[in-house]
Amino acid sequence: MAEALFNTLGQGRFKAFSAGSNPTGKVNPFAIEQVADLGYPTEVLRSKSWDEFTQANAPKMDIVITVCDNAAGEVCPIWPGSPISGHWGFEDPAAAEGSNEDKRAAFAQIRSQIQGCVERFIRLPLESMDIPSIKRELDGIK
């Protein structure tokens with residue numbers, strides 16, 4: 001959902017990618033619903049390992065933001081180019097239990113929370129900021 005939010009709300013300023021340490025091989029259908037509501041093309045979504053982005057031919061990352069609560073405790077890869085990194089911890093909506101409506105509500109709640117952080121970040125005048133200032137603002141958002 002963060003990928004879609006950055007790519008949609010950023011209006012071309014960003015090229016975001018979503019990946020995880022233990023991809024399931026499929027995108028959660030409730031996440032797809034949330035992304036579709038943004039008007040983001042769901043056909044580009046796929047389950048990806050973050051290892052894909054550590055390869056020599058991977059896109060250059062300027063900023064890496066982990067968003068899952070349990071990601072803060074994981075050992076992240078060494079990203080080529082030493083991008084600015086931050087962590088916005090959110091509960092994993094895929095862990096929600098109950099009916100489909102309960103799960104749908106969990107995804108909507110987390111999407112809303114992530115969206116608030118993304119909106120704050122994209123309003124920053126990044127082009128005129130130095131790296132320490134960007135890092136400080138990134139860390140202060142969540």
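**View 1. Arg104 and its salt-bridge partner Glu33.** Arg104 is partly exposed, with a relative accessibility of 25%. In this predicted model, Arg104 pairs with Glu33 in a salt bridge. Their closest N and O atoms are 2.6 Å apart. The pair links distant parts of the chain. Glu33 sits in helix α2, Arg104 in helix α3, and 71 residues separate them. Glu33 also counts as partly exposed, at 29% relative accessibility. Neither residue counts as buried, because buried means under 20% relative accessible area; Glu33 is at 29% and Arg104 at 25%.

**View 2. Asp139 and Lys135 on helix α4.** Both residues lie in α4. They are four residues apart, about one turn of the helix. Their side chains meet in a salt bridge, 3.1 Å from N to O. Asp139 has a relative accessible area of 38% and is partly exposed. Lys135 is partly exposed as well, at 30%. Elsewhere, salt bridges with shared partners join Glu33, Glu101 and Arg104 into one network.

**View 3. Lys60 and Asp62.** Here a salt bridge connects Lys60 with Asp62. The closest N and O atoms are 2.5 Å apart. Lys60 is exposed, at 64% relative accessible area. A search of the whole structure finds seven salt bridges. Among them are Lys60 with Asp62, Asp139 with Lys135, and Glu33 with Arg104.

**View 4. Lys48, a buried lysine.** Lys48 is found in the loop between α2 and β1. Its relative accessibility is 7%, so Lys48 counts as buried. The Lys48 side chain makes a polar contact with the side chain of Glu3, at 3.4 Å. The same side chain reaches the backbone oxygen of Ser18 at 3.1 Å. Leaving aside residues up to four places away in sequence, Lys48 touches Glu3, Ser18, Ala19, Gly20, Pro23 and Phe53.

**View 5. The largest nonpolar core.** This core holds 29 residues. Phe6, Trp88, Ile114, Val118, Phe121 and Leu126 touch the most other members. Five elements each supply at least two core residues: α1 (2-9), α2 (29-37), β2 (84-90), α3 (100-122) and α4 (131-141). Helix α3 gives the largest share, seven residues.

**View 6. Leu126 and its contacts.** Leu126 is one of the core residues that touch the most other members. Beyond residues up to four places away in sequence, Leu126 touches Arg13, Phe14, Phe121 and Ile134. Phe121 is on the list of most-connected core members too.

**View 7. A separate core.** Another core lies apart from the largest one. This core has five residues, including Phe53, Met61, Val64 and Trp79. Phe53 is also among the residues touched by Lys48.

**View 8. Confidence along the chain.** The mean pLDDT of the protein chain is 91. Of its residues, 95% reach 70 or more. Confidence is highest in α3, at a mean of 97. It is lowest in β1, at 88. Helix α3 is also the element with the largest share of the largest core, and it holds Arg104.

Technical notes
Residues are numbered from 1 along each chain as its sequence is written. This is a predicted model: local features need pLDDT of at least 70, side-chain atom pairs count only at pLDDT 80 or more; totals for chains, interfaces and linings use all residues. Side-chain values use heavy atoms; hydrogens and water are left out. A nonpolar core is a set of buried Ala, Val, Leu, Ile, Met, Phe, Trp, Tyr and Cys residues joined through side-chain atoms within 4.5 Å. Buried means under 20% relative accessible area, exposed over 50%, partly exposed in between (1.4 Å probe, protein chains only). Contact means heavy atoms within 4.5 Å. A salt bridge is a side-chain nitrogen of Lys or Arg within 4 Å of a carboxyl oxygen of Asp or Glu. A polar contact is a pair of N or O atoms within 3.5 Å; within protein, one must be able to donate a hydrogen and the other to accept it, and residues adjacent in sequence count only if both atoms are side-chain atoms. pLDDT is the predictor's confidence in each residue, from 0 to 100.
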